[in-house]
Amino acid sequence: MKAYGYEKHGDPEVFQEFEVPEPAPSANQVLIRTIAIGLNNRERAERAGGFGVMSSPYIPGRDVVGEIIKIGDQVSDLSVGELVMTHTERGYAELVLGDLDATVVIPDGITPTRAAGLITPGLTAYKAVKYFADVQPDQTVIVKGASGGVGSLAVQIATDLGANVIGIASSHNKDYVESIGATQFVAYDQTDPATELADTGDVVLNTAMNGAGTDDDVKIVKPDGVIASVAHNSPVTDKPLKFAHIHPTDAMSDREAMQAVIELMREGKLDINIGYKLPFDRDGFVKGHQLLEEKHDGRVIIVH
């Protein structure tokens with residue numbers, strides 16, 4: 001089968017097409033024929049050399065939507081022919097394996113492209129809102145990076161929970177962020193959010209790139225509030241607060257989070273901005289990673 005990856009780190013041009021063996025599902029796995037693949041910034045960082053040692057050839061990819069063509073011996077609640085989304089590994093391939101605890105059926109009415117765009121940002125946003133921040137109804141929740149893949153979903157998930165959501169993003173994203181449920185918008189390129197929103201948030205969700213601006217998070221959270229951030233380092237402050245580092249966790253399973261976000265999408269309460277659809281070939285993956293390298297608007301999807 002065809003798969004796309006690389007034998008050395010570097011720029012997007014390192015991608016090659018490989019012929020690799022078809023994977024065989026274990027007892028609690030399904031084999032999926034790929035229809036759509038969502039590209040992520042982590043894969044860009046991996047390709048550039050951000051995560052150390054790799055196998056050769058290295059086939060990246062986590063977010064896959066496709067049709068089940070084979071099931072393992074212990075799989076009872078998934079069937080051949082079903083359209084599913086899975087959070088997997090080695091996803092840039094014609095066939096991928098899906099673990100039972102990270103694979104869910106896609107409801108009727110949701111396209112493979114939209115579902116593929118939802119997987120990693122949906123997992124991250126749902127776990128950030130529900131697990132790390134434990135958002136409650138009527139809380140004021142401030143979302144930094146509110147126009148991005150994770151941030152926009154966090155706005156919608158927190159809104160659905162009954163929170164009052166304030167979105168921070170660039171001024172040109174004002175209409176979009178308000179359209180997905182934010183009751184107030186603050187443009188970081190026109191004002192200082194830390195001044196305007198001082199001691200305002202019961203919860204601050206920082207989904208901006210690398211969790212930038214932790215000192216500002218401290219200023220805008222209320223005393224005894226919660227900061228949930230993708231930043232790695234906890235803030236040094238005398239202000240009483242709880243800091244939660246958003247990271248992959250099994251405390252809430254991927255399947256639980258994926259089931260929740262795809263159900264919200266089915267109910268019309270959640271949408272994702274799909275910016276680019278590219279072909280399943282070397283040129284598509286090269287172009288996709290070139291887009292990840294620059295400022296881009298919306299999710300990048302490979303369609304097979």
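Student: Where does N40 lie, and what makes the elements beside it helices or strands?
Tutor: N40 sits in the loop that runs from β3 (29–38) to α1 (41–48). Both kinds of element are DSSP runs numbered from the N terminus: H or I over at least four residues for a helix, E over at least two for a strand. The model is predicted, so local features need pLDDT of at least 70 and side-chain atom pairs pLDDT 80 or more, while totals for chains, interfaces and linings use all residues. Residues are numbered from 1 along each chain as its sequence is written, and side-chain values use heavy atoms, without hydrogens or water.

Student: Why is N40 called buried?
Tutor: Its relative accessible area is 5%. Buried means under 20%, exposed over 50%, and partly exposed in between, with a 1.4 Å probe and protein chains only. N40 therefore counts as buried.

Student: Which residues are in contact with N40, leaving aside neighbours within four places in sequence?
Tutor: D63, T120, P121, L292 and R299. Contact here means heavy atoms within 4.5 Å.

Student: What makes the pair N40 and D63 a polar contact?
Tutor: Their side chains are joined at 3.0 Å. The rule asks for a pair of N or O atoms within 3.5 Å; within protein, one must be able to donate a hydrogen and the other to accept it, and residues adjacent in sequence count only through side-chain atoms on both sides. The distance of 3.0 Å therefore meets the cut-off.

Student: What is notable about the phi of R90?
Tutor: Phi of R90 is near 55°, a positive value in a residue other than glycine. Most residues other than glycine have a negative phi. R90 belongs to the loop between β5 (83–87) and β6 (95–99).

Student: Is R90 buried, exposed or partly exposed, and how do you know?
Tutor: The relative accessible area of R90 is 43%, so R90 is partly exposed.

Student: What is the phi of D134, and where does D134 lie?
Tutor: Phi of D134 is near 50°, again positive in a residue other than glycine. D134 is in the loop between α2 (112–132) and β8 (140–144). At 44% relative accessibility, D134 counts as partly exposed.

Student: What makes K269 and D160 a salt bridge?
Tutor: Their closest N and O atoms are 3.4 Å apart. A salt bridge is a side-chain nitrogen of Lys or Arg within 4 Å of a carboxyl oxygen of Asp or Glu, so the pair qualifies.
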